[in-house]
Amino acid sequence: MTTTKPVVLFICQHNAGRSQLGAALLEHLAGDRFTATSAGLAPSDAVNPAVAATVAELGLDITDRAPRAVTAADLDQADVVVLMKPGLILPDTPRGEVLAWSFPNPEAWDVEAVRPLREAVAEQIRTELLAR
């Protein structure tokens with residue numbers, strides 16, 4: 001018997017910080033319970049190095065992940081869409097459940113500043129996704 005894992009899509013503006021952090025933390029915390037992915041509305045060129053460094057502290061390397069634009073297909077395939085910033089204008093209507101979280105943009109932050117954000121996102125994942 002095969003069961004498909006729920007797909008969780010994390011979205012932020014640039015797919016370099018918050019959404020990459022969310023997807024990586026869900027992978028780290030949930031093991032194989034979910035398929036985690038991320039995208040952005042206006043993708044940056046690379047993952048935020050401070051975000052990647054804080055995730056590396058947990059044993060996960062995301063430095064090779066490329067920011068990408070969210071597509072209508074992404075929104076149709078996701079069972080849960082997590083907006084890491086309220087008010088994002090999506091290219092289509094998500095098929096699945098939409099969660100609107102509010103986290104600041106870590107664009108110009110250093111590793112020390114990102115660590116509390118990492119812990120806040122991890123706690124949100126524990127309470128809103130893993131507790132299901």
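Helices and strands are taken here as DSSP runs, with helices of at least four residues and strands of at least two, numbered from the N terminus. On that basis, in this predicted model, the span of residues 6–131 is 37% helix and 16% strand, and its end C-alpha atoms lie 14 Å apart. The same span carries the annotation "domain: Phosphotyrosine protein phosphatase I" in an unreviewed UniProt entry.

A good place to start is the strands. β1 and β3 pair in the parallel sense over 4 bridges, and Leu9 has Val81 of β3 as its bridge partner. On to β4: another 4 bridges join β3 to this strand, again in a parallel run, with Leu83 standing opposite Ala100 of β4. In a regular strand the side chains alternate between the two faces of the sheet. β3 illustrates this nicely, with Val80 and Val82 pointing one way and Val81 and Leu83 the other. All four of these residues are buried.

Helix α4 comes next. This helix spans residues 111–130, and its buried residues are Val114, Leu117, Arg118, Val121, Ala122, Ile125, Leu129 and Leu130. Seen down the axis of α4, these residues fall within an arc of 145 degrees, so they line one face of the helix. An α-helix has 3.6 residues a turn, so residues three or four places apart point the same way. The face of α4 turned away from the buried side carries the exposed residues Glu112 and Pro116. The cover over the buried residues of α4 includes the strands β1 (7–12), β3 (80–83) and β4 (97–100), as well as the helices α1 (18–30) and α2 (49–56).

Two residues show how α1 and α2 meet this helix. In α2, Thr54 counts as buried because its relative accessibility is 0%, under the 20% cut-off. Beyond its sequence neighbours within four places, Thr54 is in contact with Leu21, Val111, Val114, Arg115 and Arg118. In α1, Leu26 is likewise buried, with a relative accessible area of 0%. Its C-alpha atom is separated by 7.7 Å from that of Ala122, although the two residues are 96 apart along the chain. With neighbours within four places again left aside, the contacts of Leu26 include Val8, Phe10 and Phe34, together with Ile125, Leu129 and Leu130.

Many of these residues reappear in the nonpolar packing. In soluble globular proteins, nonpolar side chains tend to be buried together. The largest nonpolar core here has 30 residues, of which Phe10, Leu26, Trp101, Ile125 and Leu129 touch the most other members. At least two core residues come from each of β1, α1, α2, β3 and α4, and α4 gives the most, with 7 residues. Among the residues that Phe10 touches, beyond those up to four places away in sequence, are Ala23, Leu26, Val82, Met84, Trp101, Ile125 and Leu129. Apart from this core lies another, of 10 residues, among them Ala39, Leu75, Ala78 and Leu90.

The aromatic rings complete the picture. There are 2 aromatic pairs in the model. One of them joins Trp101 and Phe103 edge-to-face, at 6.2 Å centre to centre and with 80 degrees between the planes. Both partners are buried, Trp101 at 2% relative accessibility and Phe103 at 10%. Together with Phe10, Trp101 and Phe103 form one aromatic cluster.

Technical notes: Residues numbered from 1 in each chain as written. Predicted model: local features only at pLDDT ≥ 70, side-chain atom pairs only at ≥ 80, totals over all residues. Heavy atoms only, no water. UniProt positions renumbered as here; feature names shortened; annotations may be inferred. Buried < 20%, exposed > 50% of the residue type's maximum accessible area, 1.4 Å probe, protein only. Arc of directions from axis to C-beta. Contact = heavy atoms within 4.5 Å. Phe/Tyr/Trp six-rings, centres within 6.5 Å; stacked < 30°, edge-to-face > 60°. Core = buried A, V, L, I, M, F, W, Y, C linked by side-chain atoms within 4.5 Å. Pairing = 2+ DSSP bridges.
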